[in-house]
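Visitor: I would like a close look at a single part of this model. Please take one element and follow what surrounds it.

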Amino acid sequence: MQESTTINNFKSEEYFINMGPQHPATHGVLRLLLTIDGEIIKRVEPDLGYIHRSIEKMCERDSYQQIVHLTDRMDYLSSHINNEAVCLTVEKALELEIPDRVKVIRTIIGELTRIASHCLWWGVMGMDVGALTTYFYGFRDREMINDIFEETCGARLTMNYNVPGGLMWDIHPNFVNRVKTFIAHFKTKIPEFDRLLTENIIFQKRTKGVGILSKEDAISFGASGPVGRASGYSCDVRKYHPYSALDRVTFNESLQTEGDTFARYKVRIQEMWESLSIVEQLIDNIPEGEHRIATNAVIKLPKGEYYQKVETARGELGVYIVSTGTKNPYRLKFRSPGFSNLSLLNHIAVGGKIGDLVATMATLDLVIPDIDR
Amino acid sequence: MTNAALKELIASWFPNAKADMDHQNSDGDSDSNDNKESPIENPLEFTEEGSEFLNIQVPEALLHELMLKLKTHPETHFDYLFCLTGMDWEPALGVVYHLESTEHRHIVVVKVKTEDRDHPSFDSVSDIWKTAEFHEREVYDFFGIRFNNHPNLKRLFLTDEWDGYPLRKDYVDEINMVIK
């Protein structure tokens, strides 16, 4: 195979192993071709496309209302935010004035989605490094959010609550109370997360100094979301290109400078606090008004190009629509955060141990359908 | 930087590209779409029509030079390639690059196209932005556009033996595609 080298009088050789496509730590159908020398990783090459559905091609034949439904099959843990991204792009193109009520509700549900996604990530992160308990804690709290979504949106995961022009229907009468109950509940639970995992010395030793990404590389690789921010790269779309009601709330961008696995972990924990704070600022002040404004049954965007960025739980999602004035987009591109974040995996994993790869991947928080659009 | 200032600066890098700067307002974003009468030999074409960003159409020969300058020039400093899109404009094939500066927070869109559908190729920008390596592989996979000097240009999502390039407008697959 490769040339042999001698380390401490033992011969070592590079060889390949497959990680995935069915592997518990890849959280989906991702296959990694690992070139390793003993336990040291020499190269990680992702093999993608196992669940590629060519959503971009499907969008070219669908109407804009239909496209919204396809987007929550990308990053299913940020489904509401994905829907919102398409709706915002369409609304921007049509120059629709969206009611305040819609903006506030969208932001509240968007931030709850982020918390739910981070809860799941936190549970799985612990599980990946061998702490199965966290999984149940994370899912317990996520369940409360899912119940709120079920009541208001009619679905727990792929919500389809957004439509171009507003929301599918108004919020459930219980919504405000249940969200407040959740805020009070979850404020006591994040410290529990910290006690259980963050402060665990074994966990810290597994994650500190592992998978380091510098700020320059983070920008060059197009990293976004918690992955970028853990490297000190200020990249929160909610700060730089605020959308919906995010311009009327105050929150801190969670930044860390170490760029290692533990930093990415801390950013997400911090983000849960910030998202709670955003929801708290808005929940008592949902303006009265329409939950939807009428659009034409057949939406035709004016000829032109439209781009909208949003911050999903994983990072920057971009929707790029090229319209020729017909009822379908001429071309629609999704710039997915997971795709760019995956591209840097080889860079940060090389030279590390194969066991650390699992921890590193866990903090990239990959959702495979988001990569295989 | 405003779009007008960006346009003036970028045009000055390529001396032939005197996009009618006298039509520009002295300050602020210019919404004027009257820059169509630029001399024909201009290498770069600027437009803001139908887009919220400044669009630059660049000939393929100048692509890499322009991109490197956009990244390295301190006043533009476009260090973040946030979107790289393959396009089939029928009959032209091309690539659209969305660039942002994390320092100045301005955005520009660079477009390059070729009429050659059989052997389309552009210079790779993966040496300038590392994220381009994956994105260019995706474009190669779905549009069949080759990128010169790409370190690892092979199909990313589809299998190597896949016939054709699915995101091209003239792609036909009677079994797997549902056309309405």
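Visitor: Which elements do the buried residues of α3(B) pack against?

Guide: This is a predicted model. The buried residues of α3(B) pack against α12 (337–343) of chain A, and also against β3, β4 and β7 (146–148) of chain B.

The helix itself comes first. α3(B) is mostly covered, with 12 of its 12 residues buried. A residue counts as buried here if 20 or more other C-beta atoms lie within 10 Å of its own. The buried residues include Ala132(B), Phe134(B), Val139(B), Tyr140(B), Phe142(B) and Phe143(B). Charged side chains are also on the list, among them Glu133(B), Glu136(B), Arg137(B), Glu138(B) and Asp141(B). An α-helix has 3.6 residues a turn, so residues three or four places apart point the same way. At 1.5 Å a residue, the 12 residues of α3(B) should span 16 Å, and the C-alpha atoms at its ends are 15 Å apart, which agrees. After α3(B) comes Gly144(B), which has a positive phi, near 70 degrees.

The contact with α12 of chain A leads to the interface. There, 24 residues of chain B are in contact with 26 residues of chain A. On the side of chain B that touches chain A, β3 (80–88) and α3 (132–143) of chain B each supply at least two residues. The most comes from β3(B), which gives six residues to that side. By type, the residues on this side of chain B are 13 nonpolar, six polar and five charged.

Within chain B, one of the packing partners of α3(B) is β4, and β4(B) leads on to β5(B). Strand β4 (residues 93–100) of chain B pairs with β5(B) in the antiparallel sense, over eight bridges. One such pair joins Gly94(B) to its bridge partner in β5(B), Lys113(B). The two strands form a hairpin with six residues between them, and Arg105(B) in the turn has a positive phi of about 60 degrees. β5(B) also pairs with strand β2 (residues 54–57) of chain B, here in the parallel sense and over four bridges. In β5(B), Lys111(B) stands opposite Gln57(B). Six of the eight residues of strand β5 (residues 107–114) of chain B are buried, so the strand is largely enclosed by the rest of the structure.

On the chain A side, a sheet can be described as well. It is an open sheet of three strands in the order β10-β11-β12 (chain A), paired in the antiparallel sense. β10 (304–311) and β12 (331–335) of chain A stand at the edges with a single partner strand each, so one side of each has no neighbour in the sheet. On average, neighbouring strands of this sheet are turned by 10 degrees against each other, direction ignored. Strand β11 (residues 316–323) of chain A pairs with β12(A) over five bridges, in the antiparallel sense. Opposite Val319(A) stands Phe334(A) in β12(A). Helix α3 (residues 79–94) of chain A, which shares its number with the helix of chain B in your question, lies across β10 and β11 of chain A and runs at about 145 degrees to β10(A).

To return to the request: α3(B) has 12 of its 12 residues buried, and these pack against α12 of chain A as well as β3, β4 and β7 of chain B.

Definitions and conventions:
Residues are numbered from 1 along each chain as its sequence is written. Chains are lettered from A and ligands numbered from 1 in the order in which they are written. This is a predicted model: local features need pLDDT of at least 70, side-chain atom pairs count only at pLDDT 80 or more; totals for chains, interfaces and linings use all residues. Two residues are in contact if their C-beta atoms, placed from the backbone, lie within 7 Å. Two strands pair if DSSP finds at least two bridges between them. The expected span of a helix is 1.5 Å times one less than its number of residues. Axes are lines fitted to C-alpha atoms, for helices over the stretch in contact, and angles run from 0 to 180 degrees between N-to-C directions.
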